[in-house]
Amino acid sequence: MGYDVVHHSDLDWEERPGHEGQEPRHAAALTDAAHMTESRARMWRYPAHTRGRRHLDHDQEEVFVPLRGTLTMLLVEPWERVDVEPGGVVVVHRGTPLQARNETDEEILFLAYGAPTRHGNAEFLEDVETL
């Protein structure tokens, strides 16, 4: 078939551990569900005031699309803060340090998309605990 559809109601959400004392985040993998072969994708739900791991990817270009709430990204080194609302997009090129965060009082939902499919080559960096 030439396309796949994954409905929100069909997403299988997996709990991901939060950082020191933070609530867990939740992720739903889209790669297998959508039979993706040239890229990878995942939906993320971040509770209020939580963050992902700061890292850089040597192989992948990553795209972040907020769907609900304001996504905060810390990009480059030294880090620069970028806030993106629904309808916006952040493209992070290979080798660029990044950290996805929710600095709001509400849960946010965003899509993270990366290509090519190589993974496991991310370099984890020192976390930015507070802004």
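Strands here are DSSP runs of E at least two residues long, numbered from the N terminus. Keep that in mind as you click around, and remember that this is a predicted model.

**Whole chain first**

Switch to cartoon. You'll find 12 strands and zero helices, so reading from the N terminus every element is a β, as strands and helices are assigned here. The C-alpha atoms sit in a box of roughly 45 × 30 × 25 Å along the principal axes. For 131 residues, a compact globule would have a radius of gyration near 14 Å, and the chain agrees with its 14 Å.

Now try a surface. About 7,700 Å² is accessible, and carbon and sulfur atoms own 47% of that. Buried residues make up 37% of the chain. If you draw a contact map, look away from the diagonal: among contacts with a separation of 6 or more, 69% are between residues 24 or more positions apart.

Colour by charge next. There are 25 negative side chains and 13 positive ones, yet the centres of the two sets are 2 Å apart.

**Select R54**

R54 is in the loop between β4 (50-51) and β5 (55-57). Is this arginine buried or exposed? It counts as buried because its relative accessible area is 2%, under the 20% cut-off. Show side chains and add E77: the two side chains are joined by a polar contact of 2.7 Å.

**Step to V76**

V76 lies in the loop between β7 (71-75) and β8 (80-84). Leaving out residues up to four places away in sequence, V76 touches R54, T96 and P97. With a relative accessible area of 31%, V76 is partly exposed. Check the backbone too: phi of V76 is near 65°, a positive value in a residue that isn't glycine. For a long-distance view, pick E14 as well; V76 and E14 are 62 residues apart in sequence and 29 Å apart C-alpha to C-alpha.

**Backbone oddities**

Most residues other than glycine have a negative phi, and most peptide bonds are trans. Where can you find a cis one? Stay in the loop between β7 and β8, where P78 is, and look at the bond joining E77 and P78: it is cis, with omega about -5°.

Then jump to P116, in the loop between β11 (108-115) and β12 (122-124). The peptide bond from A115 to P116 is cis as well, with omega near -5°.

Last stop: H49, in the loop between β3 (40-46) and β4. H49 has a positive phi of about 55° without being a glycine, and it is partly exposed at 41% relative accessible area.

Notes. Residues numbered from 1 in each chain as written. Predicted model: local features only at pLDDT ≥ 70, side-chain atom pairs only at ≥ 80, totals over all residues. Heavy atoms only, no water. Helix = DSSP H or I, 4+ residues; strand = E, 2+ residues; numbered from the N terminus. Rg over C-alpha atoms; globule rule 2.2 N^0.38 Å. Buried < 20%, exposed > 50% of the residue type's maximum accessible area, 1.4 Å probe, protein only. Contact = heavy atoms within 4.5 Å. Areas by Shrake-Rupley, 256 points an atom, 1.4 Å probe, with all protein chains shown as cover. Lys, Arg positive; Asp, Glu negative; His and termini not counted. Charge placed at Lys NZ, Arg CZ, Asp CG, Glu CD. Polar contact = N/O pair within 3.5 Å; in protein donor to acceptor, adjacent residues only side chain to side chain.
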